[in-house]
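Here are a few exercises on charged and nonpolar side chains, each with a worked solution. Have the model open while you go through them.

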Amino acid sequence: MNKSHVSPTTGDFTIDAAARRELLDSHNELRTALQTIWECQDLWMSDITNIEKLVSRMQRHLNFAQPTEGHAYMSYVLAEENEPAPKKRGRPKKNGG
């Protein structure tokens, strides 16, 4: 099992050798995909799979998280900074009309 840790106070993180190896493998797969795109002006489905794998590994090992509030297409945030927006107080305003 991969062991990655992010310090909630400093933001420093540690990553074990297995996680570094996974990221290295993904890095090399991404370089291959980019080379194919440049040389062939094409993208293979296997390249897309490898890019998705890299995104997943980065999320897991670097502790990225979907925002607490929002939708799936929003940019990820650092997990230690992922807090819901403060609730607004008071009654909602009525529409003028």
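Let's start with Glu 29: it counts as partly exposed because its relative accessibility is 22% (buried means under 20% relative accessible area, exposed over 50%, partly exposed in between, with a 1.4 Å probe and protein chains only). Bear in mind that this is a predicted model, where local features need pLDDT of at least 70, side-chain atom pairs count only at pLDDT 80 or more, and totals for chains, interfaces and linings use all residues. Residues are numbered from 1 along each chain as its sequence is written, and side-chain values use heavy atoms, leaving out hydrogens and water.

**Exercise 1.** Find the side chain that meets Glu 29 in a salt bridge.

*Solution.* Apply the cut-off: a side-chain nitrogen of Lys or Arg within 4 Å of a carboxyl oxygen of Asp or Glu. Lys 53 fits, at 3.5 Å, N to O. This pair links distant parts of the chain, with Glu 29 in helix H1 and Lys 53 in helix H2, 24 residues apart. (Helices are DSSP runs of H or I, at least four residues, and strands are runs of E, at least two, numbered from the N terminus.) Lys 53 counts as partly exposed because its relative accessibility is 30%.

**Exercise 2.** Work out which residues are linked with Glu 22 in a network of salt bridges.

*Solution.* Begin with Arg 57, whose side chain meets that of Glu 22 at 3.8 Å, N to O. Arg 57 sits in helix H2 and Glu 22 in helix H1, 35 residues apart. At 13% relative accessibility, Arg 57 counts as buried. Next, try Arg 60: its closest N and O atoms to Glu 22 are 2.6 Å apart. Here the partners are 38 residues apart, again with Glu 22 in helix H1 and Arg 60 in helix H2. Arg 60 is partly exposed, at 45%. So the network is Glu 22, Arg 57 and Arg 60. A search of the whole structure finds 3 salt bridges.

**Exercise 3.** Is Asp 47 buried or exposed, and what is the nearest side chain of opposite charge?

*Solution.* First, place Asp 47: it lies in helix H2. Asp 47 is buried, yet has no salt bridge. Count Lys and Arg as positive, Asp and Glu as negative, with His and the chain ends not counted; the nearest opposite charge is then Lys 53, 10 Å away. Finally, leaving aside neighbours within four places in sequence, Asp 47 is in contact (heavy atoms within 4.5 Å) with Ala 33 and Thr 36.

Definitions and conventions
Lys and Arg count as positive and Asp and Glu as negative; His and the chain ends are not counted.
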